[in-house]
Amino acid sequence: MRWTTITCFLLASEVLMAQTNALPQTVAETSHYLSTSRYADVMEFVAAIQRADADIRVETFATTNEGRALPLVIAGPPGVVDPASARASGLPVVFIMANIHAGEVEGKEAAQMLLRDLVSTHRKLREELVVLIAPIYNADGNEPISTEHRKSQHGPEHGVGVRENAQGLDLNRDYMKLQSPEARGLVHNVLDRWDPLLTVDLHTTNGSYHGYQLTYSPTLNPNAPADVIAFERETLLPQIRAAMKKRHGKETYYYGNFVDQLRPEEGWYTFDSRPRFGNNYAGLRNRFVILSEAYSYIDFRARVEVTYEFLHEILGAVEDNGTKMMRIAAKADEQIRRGKLRKLGVRFEIKPWKDTEILWERSVAADPGHGAPDPETGKGMIQRTGDIVPVKMTDYGIFAAKESSEVPFAYLVDAAAHEAVRTLRTHGVIVETLDGETTLDGEQFVISDQTRAEHEFQKHHELTLTGKWKSRQETFPAGTFLVRMNQPLARLAFYLLEPRSDDGLVAWGQFDALLDGAKTAPVRRIMKPIGIRATVSAGSPAE
Ligand SMILES: [Zn+2]
């Protein structure tokens, strides 16, 4: 009698445990792909994963304008609980981020499904990799779900969120200026603290009608280390592409658009080299990146599936190549420490990469009011046929510098440039201050013209300085900021500080107060190695 009672008790408790620890389903799955998750759904999903696996950790990496805590889920082997233990494990760290554009929702669903695999069917991957997942980066943009958003996208039927955050900023244009709490938290608390070897950024396309379920991009700015770029293009992405075809029967290719949907032979163009975009930013940190763009004209379920499969193939490729990738990244850091950076670009132009065959959806001109919108103009001009054909064309997939500048030994920044220095420090750039008045042979940038962009972009009229670096001996007061260029983030510091940079702190107005009527830029450079007495300030860079 007594035994029976105990057995019943144990059974009941086991049933309760099983219910509590049951693996969760995503909103996409439970709604039969009619809906996408809200912030509360994602937080509940993550909590259920933690109940199922006590080794899964969750950090908050930023708090949004509307007060939402952004989760970073850490899925590694037991004992990997923070950046120090991740480094000590010697394992590659892969960072997957979804929903930067909150109308592009399949990454958010696929990332949750991948997380579930990492505590169940694919648990073994966590012996080889530390996976960080930020499933809902633009949480504020996610919440105003409406069927009015992204209407040319094929589902989910019950609507999606908006592109911008609550400040009206596009978070994928905020990587350099860091105007949003989301971007400041991402850069400082994820990229700088965890230093992921590979970042994967999940999106949905808007443009051309082509034959790929998913397109992808490596880092596009040629200021990234050549070995990183070469490994992405020659090994990593081709291997993942082949696996997508072989194991899933799906066509994928480099992201781009036809210059003209009706005349594909005119070429396939990638987008932009500026590091305001996350894929280009990661390269300036000497690390690997993959931008993923699910094809918005296949249905929601197919987009979730292809993104999920792509994530799995990426993790498989890092399992295979992680050691080599870590060696390439470490070498890129080391070359900078040894002062091997000589010259980098400040302004860039798109270039033909190769002639190849690209899958085009045969399209014809339609009468106004008929057919699908022209993906380039947004007007109802294109009749799609559903017929996918390979077309020979040039892939304009790379960029080259059209203007370059010498990499100095160090930059000096005006002691009053507080906004700019705060941004540098949030990025993780080491900024020192001169201990005392110091006389140095250096160069000043003599301004001949200041031009503001006519159109507002991301709440700024971008500023372009014209002028020349000129040698001059100067005496700098104590407290002048010093940025040495033998630090691992030198490529990023160069891009932020060069006065002619197409995406630097001058362009984004962070030196405006010091540039009003100025004859020289508030940034000097010291070309030759010399002992400079300066101290790293203890000031905390970011919220
Ligand atoms: Zn996007």
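# Exercises on a predicted model

Both faces of strand S16 (residues 410-413) are covered, with Ala410 and Leu412 buried on one side and Tyr411 and Val413 buried on the other. The model is a predicted one.

## Exercise 1. Strand S16 and its partners

Determine which strands pair with S16 and in which sense, and find the residues that stand opposite Leu412.

Solution.
- Step 1. In a regular strand, side chains alternate between the two faces of the sheet. In S16, Ala410 and Leu412 lie on one side, and Tyr411 and Val413 on the other.
- Step 2. One partner is strand S20 (residues 481-484), which pairs with S16 in the antiparallel sense over four bridges. Here Leu412 stands opposite Leu482.
- Step 3. Another partner is strand S21 (residues 520-526), also antiparallel to S16 over four bridges. In S21, the residue opposite Leu412 is Arg524.

## Exercise 2. Strand S6

State whether the faces of strand S6 are covered or not, and describe how S6 pairs with strand S7.

Solution.
- Step 1. S6 spans residues 214-217, and both of its faces are covered. Leu214 and Tyr216 are buried on one side, Thr215 and Ser217 on the other.
- Step 2. S7 (residues 252-254) pairs with S6 in the parallel sense over three bridges.
- Step 3. Within this pairing, Tyr216 stands opposite Tyr254 of S7.

## Exercise 3. The zinc site

Identify the protein donors of the zinc ion and classify the geometry of the site.

Solution.
- Step 1. The protein donors are His101 (ND1), Glu104 (OE), Glu104 (OE) and His203 (ND1), at 2.0 to 2.7 Å from the zinc ion. Glu104 is thus listed with two OE entries.
- Step 2. Along the sequence, the donor residues follow the spacing H-x2-E-x98-H.
- Step 3. The angles among the four donor atoms run from 53 to 152°. Four donors count as tetrahedral if all angles lie between 85 and 135 degrees. The zinc site is classed as irregular.

## Exercise 4. The surroundings of Glu104

Place Glu104 in the fold, decide whether Glu104 is buried or exposed, and list its polar partners.

Solution.
- Step 1. Glu104 sits in the loop between strand S3 (93-98) and helix H5 (106-118).
- Step 2. Buried means under 20% relative accessible area. Glu104 counts as buried because its relative accessibility is 3%. His101 is buried too.
- Step 3. The side chains of Glu104 and Arg150 make a polar contact (3.5 Å). A polar atom of the Glu104 side chain also lies 3.1 Å from the backbone nitrogen of Thr204.
- Step 4. Leaving out residues up to four places away in sequence, Glu104 touches Asn99, Arg150, Gln153, Arg163, His203 and Thr204. Among these, His203 is also a zinc donor.

## Exercise 5. The nonpolar cores

Find the residues with the most contacts inside the largest nonpolar core, then trace the contacts of Ile96 and Ala111.

Solution.
- Step 1. The largest core has 137 residues, and Ile96 and Phe511 have the most contacts inside it. Helix H10 (residues 300-337) supplies its largest share, 13 residues.
- Step 2. Beyond its neighbours within four places in sequence, Ile96 contacts residues including Ala111, Leu114, Val131, Val200, Leu311 and Leu315.
- Step 3. Ala111 lies in helix H5 and counts as buried because its relative accessibility is 1%. Apart from residues up to four places away in sequence, Ala111 touches Ile96, Ala98, Ile133 and Leu311.
- Step 4. The C-alpha atoms of Ala111 and His312 are separated by 10 Å, although the two residues are 201 residues apart along the chain.

Notes: Residues numbered from 1 in each chain as written. Predicted model: local features only at pLDDT ≥ 70, side-chain atom pairs only at ≥ 80, totals over all residues. Heavy atoms only, no water. Core = buried A, V, L, I, M, F, W, Y, C linked by side-chain atoms within 4.5 Å. Buried < 20%, exposed > 50% of the residue type's maximum accessible area, 1.4 Å probe, protein only. Helix = DSSP H or I, 4+ residues; strand = E, 2+ residues; numbered from the N terminus. Contact = heavy atoms within 4.5 Å. Polar contact = N/O pair within 3.5 Å; in protein donor to acceptor, adjacent residues only side chain to side chain. Donors = N, O, S within 2.8 Å, 3.2 Å for Na, K, Ca; no water. Tetrahedral: all angles 85-135°; square planar, octahedral: opposite > 155°, others 65-115°. Pairing = 2+ DSSP bridges.
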